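Visitor: I'm new to this one. Could you show me around and explain the words as we go?

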Amino acid sequence: IVALERVQPLKILFFDIDTLVHQKTYDVPMSLESLSWVASNGSQIYFSKNKLNKNSPLYKYNPSKNMLENFYIPAKISKIQGGTISKNINTLFLASDKGRRAGGIYAINLNTLEVKHEVGILYNRGFPAYQEVEGLTFNDSKNPIKITLLLLDNNLVEDSFHFIEVSDFL
């Protein structure tokens with residue numbers, strides 16, 4: 001799933017995970033400046049700006065009904081970099097590049113909208129490493145509650161990235 005920005009309306013594109021062949025495109029049925037992340041459970045598409053709070057909602061779009069809903073969660077999450085959904089526990093997980101040194105993974109129960117800061121990731125946001133928490137995904141094939149988080153390492157000489165695996169969210 002890819003959020004396509006700098007076009008109006010904004011678009012959400014779906015690709016086959018094995019072949020990377022484009023499958024579907026949905027227009028975001030509203031005027032947003034940006035889409036920081038997008039996640040789908042197969043029937044619903046969730047997205048937002050790069051923050052969630054009392055003024056910036058979580059959006060849920062049902063493409064088969066062309067229906068958009070918004071929800072305000074009882075927490076503040078900023079600098080959201082990616083999202084993924086666990087169908088097994090009906091939970092949305094978000095990667096946040098928040099704070100001076102502690103970003104991490106937030107879990108939102110999609111039934112109750114309860115928010116938990118599940119895992120803090122320590123990393124160096126400043127000179128010389130300039131690391132960034134980025135996207136995340138589930139590794140459903142082996143463990144339905146195992147998340148792989150991407151950490152970018154923007155070094156002065158050579159950039160690199162790290163995959164951090166986190167499991168047992170129940």
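**Strands and core**

Guide: Let's start with one pair: Phe47 stands opposite Tyr59 in β6. This is a predicted model, where local features need pLDDT of at least 70, side-chain atom pairs count only at pLDDT 80 or more, and totals for chains, interfaces and linings use all residues. Residues are numbered from 1 along each chain as its sequence is written, and side-chain values use heavy atoms, without hydrogens and water.

Visitor: What makes β5 and β6 a pair?

Guide: Two strands (DSSP runs of E, at least two residues, numbered from the N terminus) pair if DSSP finds at least two bridges between them. Strand β5 (residues 45–48) and strand β6 (residues 58–62) have three bridges, in the antiparallel sense, so they count as paired.

Visitor: Why are β4 and β7 said to stand at the edges?

Guide: The open sheet runs in the order β4-β5-β6-β7. β4 (37–40) and β7 (67–71) each have a single partner strand, so one side of each lacks a neighbour in the sheet.

Visitor: How do you know that β2 and β3 pair?

Guide: Same test: strand β2 (residues 11–15) is joined to β3 by five bridges, running antiparallel, and the rule asks for at least two. One bridge there matches Leu13 with Thr25 in β3.

Visitor: What makes a group of residues a nonpolar core?

Guide: Its members are buried (under 20% relative accessible area, 1.4 Å probe, protein chains only) Ala, Val, Leu, Ile, Met, Phe, Trp, Tyr and Cys residues, joined through side-chain atoms within 4.5 Å. The largest core has 15 residues, and among those with the most contacts inside it are Trp37, Leu52 and Ile77.

Key:
Helices (H or I, at least four residues) and strands (E, at least two) are DSSP runs, numbered from the N terminus. Buried means under 20% relative accessible area, exposed over 50%, partly exposed in between (1.4 Å probe, protein chains only).
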